[in-house]
Amino acid sequence: FKNMYYIDLKYFAPKDSKSLMLDSTKSIPKSKISQMYIRRFKESGRSKNVPIQYVRLNSRILQDFLGVGKEALLFSSSGIEEYVHTPKDTFENISKEQLQKQGQVVLDTIVKISRLKQ
């Protein structure tokens, strides 16, 4: 594939996180590759019993993709708003269980995509 996607896991798996969030607003709606990525992500979430929420994330990262012909899919964990850039943003407030489950969903998605014919 000639598309490039950036996966940012810096705000991931706080203790009360129950789902993964996906922002696909910067992907081309009719892009077969983007739709395939989203489909694989949903499949991975279902297989690990991790709900997926479709959201619009405000991220400076998205600015890097504007006007350069690249698409972006952003992944994040629910519940991060309470922690990011606050005194609660510590290792102690990361859920090992959620980090394993949610991280596995993202990893499984990457593996599934990498095995597809290119």
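This report walks through the fold of a predicted model and then looks at one helix and a few individual residues.

**The chain as a whole**

Let us start with the overall layout. The chain contains three helices and three strands, and along the sequence they follow the pattern β-α-β-α-β-α. Of its 118 residues, 40% count as buried. Contacts that reach far along the sequence are well represented here: among those between residues at least 6 apart in sequence, 86% join residues at least 24 apart.

**Helix α1 and its surroundings**

Helix α1 is a good place to look next. Its 16 residues should span 22 Å at 1.5 Å a residue, and the end C-alpha atoms are indeed 22 Å apart, so expectation and model agree.

Which residues of α1 are buried? They are Ile 33, Ser 34, Met 36, Tyr 37, Ile 38, Arg 40, Phe 41, Ser 44 and Gly 45. It helps to recall that an α-helix has 3.6 residues a turn, so residues three or four places apart point the same way. The buried residues of α1 pack against β1 (20–26), β2 (52–54), β3 and α3.

The last of these partners, α3, deserves a closer look. Helix α1 (residues 32–47) packs with helix α3 (residues 96–114) at an angle of about 135°, and their axes are 8 Å apart. Because of that angle, α1 is oblique to α3. The crossing of α1 past α3 is right-handed. On the α1 side, the contact is made by Met 36, Tyr 37, Arg 40, Phe 41, Glu 43, Ser 44 and Gly 45, while α3 brings Val 105, Val 106, Asp 108, Thr 109, Lys 112 and Ile 113. In character, the residues of this contact divide into six nonpolar, three polar and four charged.

**Two positive phi values**

Most residues other than glycine have a negative phi. Against that background, Ala 13 and Asn 49 are worth a visit. Phi of Ala 13 is near 60°, a positive value in a residue other than glycine. Asn 49, also not a glycine, has a positive phi of about 60°. Where does each of them sit? Ala 13 is in the segment before β1, and Asn 49 is in the loop between α1 and β2, just after α1. Their surroundings can be read from the table: Ala 13 is buried, whereas Asn 49 is exposed.

**Four residues side by side**

| Residue | Location | Relative accessibility | Class |
|---|---|---|---|
| Ala 13 | segment before β1 | 0% | buried |
| Asp 16 | segment before β1 | 38% | partly exposed |
| Asn 49 | loop between α1 and β2 | 62% | exposed |
| Ser 76 | strand β3 | 5% | buried |

**Ser 76 and Asp 16**

Ser 76 belongs to strand β3 (residues 72–77). It counts as buried because its relative accessibility is 5%, under the 20% cut-off. What does Ser 76 touch, leaving aside its neighbours within four places in sequence? Its contacts are Tyr 11, Ser 19, Leu 20, Met 21 and Leu 57.

Asp 16 gives another view of parts of the chain that meet across the sequence. With neighbours within four places in sequence left aside, Asp 16 is in contact with Gly 79, Glu 82 and Tyr 83. The C-alpha atoms of Asp 16 and Ile 80 are separated by 8.8 Å, although these residues are 64 apart along the chain.

Notes. Residues are numbered from 1 along each chain as its sequence is written. This is a predicted model: local features need pLDDT of at least 70, side-chain atom pairs count only at pLDDT 80 or more; totals for chains, interfaces and linings use all residues. Side-chain values use heavy atoms; hydrogens and water are left out. Axes are lines fitted to C-alpha atoms, for helices over the stretch in contact, and angles run from 0 to 180 degrees between N-to-C directions. Helices (H or I, at least four residues) and strands (E, at least two) are DSSP runs, numbered from the N terminus. Angles under 35 degrees count as roughly parallel, over 145 as roughly antiparallel, 65 to 115 as roughly perpendicular and the rest as oblique. A crossing is left-handed if the near helix is turned anticlockwise from the far one by less than a right angle, and right-handed if clockwise. Contact means heavy atoms within 4.5 Å. Ala, Val, Leu, Ile, Met, Phe, Trp, Tyr, Cys and Pro count as nonpolar, Asp, Glu, Lys and Arg as charged, and the others, Gly among them, as polar. Buried means under 20% relative accessible area, exposed over 50%, partly exposed in between (1.4 Å probe, protein chains only). The expected span of a helix is 1.5 Å times one less than its number of residues.
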